[in-house]
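Please look at the ligand site first and at the pockets afterwards. The points below follow that order.

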Amino acid sequence: MFDPNCVCFFDTTLRDGEQAAGVNLNAAEKLQIARQLEKMRIDVIEAGFPAASPGDFSCVQTVARELKKTTVCGLARTREGDIRAAAQALAQAENPRLHVFLATSPIHMEYKLKMSPDEVLAEIRSGVSLARSLVREVEFSGEDASRSDPEFLIKAFKVAIESGATVLNIPDTVGYAMPEEFYSFCRRVISEVAAPEGVIFSVHAHNDLGLAAANSLAAVRAGVRQVEGTINGMGERGGNSAIEEVVMAIKTRADFYGLQTNLDTKRLYPVSRLVARLSGVAVPPNKAVVGANAFAHEAGIHQHGVMAKRETYEIMKAEDVGCTPAVMVLGKHSGSHAFRARLESLGYNLDDLQIQKAFEIFKKLCDEKKEATDGDIEAIIADQILSVTPECHYELKDYTVHVGSDLAAAAVVLSRDGQPVKDAATGNGPVDAAYQAVKRIIKFEPKLETFKITATSERSDALGEAQVVLSYLGLRAQGNGASTDVIKASIRAYVNAVNRLYSMAAVRDIRINGCAGAGEAGAKGQAGTAHEGR
Ligand code: KIV
Ligand code: ZN
């Protein structure tokens, strides 16, 4: 039932967020994020763009099957094939929504779509009608709405309503809008469309000028009741509107907005950590709401003020966003119940087999170091549980390195489809030597775009967590690896990224070394991103 005082949140981390350069989540990782978002009581999850690739299709299908409360949405262009694929992927959803989009701005209509405004209106009518005949809830987005002629956008929305859409989205696709201007724009569109009861307006802002949250809030003030965004603002270019920022603005300034949301904001911090770790896109320390320093006071005068009265310098409580210190430290003597409880509070929702495997790895780790921090546990899950999918081509089995004063040598053993494959190489350091050896084994040379090692805590016994981004034949894939040994972590990350390159190649029908790889859910596929063509 539509409540005019409630703002709904539509999360597109798994679709628009995953369009960020170098990010490709596998099916297990996407499902983890979706489950956590449902626990946070997000209203709608856009799980992917089913026509883009078999991976996207099966991811939307899996999320649709799994989630029982949250509405699960699939994106489609106005093309019949896209709409039928999305409807099919959503067939088993308890609460399905089909999201159809078509550009409405003059520049997109003329140069990208090569369609006249009348043709665009006709296409909206046929696309939305078909979608509505297959799925009971349909959202229509006028792509690049903020640069559209408001009169034309109003016409387009009227056609979408007549054809059965009940959610009308106003995207600021290229992050061009200014909050005051966008407020007036949305207000005019909402008032002149004069939608019947049951139809709501939505906003979808991008952050190219750092104004996504401000524009989303301006739209809310203008009467929009659905905000689209991603966790941590993840997305291509400057990213999308960060859900945590918009929801906390509405909550913290309830006096100003007079609105509510359905979200359990105490789950924001765990979900932010989960998305950062699985995507490999770190949260900057000064990031609003979920950054490591969001609640840290360095200046003495501030510390003094906060001690005297918290509200002097703090407008939100860290507990309200779930940023609380771990209540217990896990170690050698911790049992599986405590481990399972910790996983849950960290935001993971694993099946029994995954938990059992993670517990065994955790126990081994506790033999090496006395206690395991939250960061250690999160690193184990990302590296050894969620990144392991049946589509894995290569696995690290063994390695040795010898480091001299000017040169290092490494021998690496991987397994490929269960068979050991090994080689050796030299390099200017142990990681370089190991990477050269891996390249000899895999027989192709991906470009190392990014290589980072971080520690999971401030302690000297922390796990080293390596992250790499590799590119090859126009594909980019990230990989994670964790170990108390940073060389092992680095090789694991490299091998993980190689596996993901194979998965991406498979869905795009690109052959690596004569091998089409194994199709994996989650890889970005043929239709590429949602903004290519029509
Ligand atoms: O930014 C955008 O316009 C989009 C649409 C597909 C809604 O992501
Ligand atoms: Zn977008």
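1. A residue counts as near a molecule if one of its heavy atoms lies within 4 Å of it. Ligand 1 is surrounded by eleven residues, and R15, D16, T173, H204 and H206 are the closest.

2. This is a predicted model, in which local features need pLDDT of at least 70, side-chain atom pairs count only at pLDDT 80 or more, and totals for chains, interfaces and linings use all residues. Residues are numbered from 1 along each chain as its sequence is written, chains are lettered from A and ligands numbered from 1 in the order in which they are written, and side-chain values use heavy atoms, with hydrogens and water left out.

3. Which side chains make polar contacts (pairs of N or O atoms within 3.5 Å) with ligand 1? A polar side-chain atom of D16 is 3.1 Å from an oxygen atom of the ligand, and for H204 the distance to a ligand oxygen is also 3.1 Å. In H206, a polar side-chain atom lies 3.0 Å from an oxygen atom of ligand 1. The protein covers 100% of the 260 Å² of accessible area (Shrake-Rupley method, 1.4 Å probe) that ligand 1 has on its own.

4. A pocket is an open set of points on a 1 Å grid over the protein atoms alone, where a 1.4 Å probe fits, with protein on both sides within 12 Å along at least five of seven lines; lining residues have an atom within 4 Å of a point. The largest pocket has a volume (space filled by probe spheres set on the points) of about 1,400 Å³. Its lining has 47 residues, with Y269, R273, R277, D374 and E378 closest to the centre.

5. The second largest pocket holds about 780 Å³. It lies between domain 2 (296-372) and domain 3 (385-528), because both give residues to its lining; the domain bounds come from an automatic or database assignment.

Key:
A polar contact is a pair of N or O atoms within 3.5 Å; within protein, one must be able to donate a hydrogen and the other to accept it, and residues adjacent in sequence count only if both atoms are side-chain atoms.
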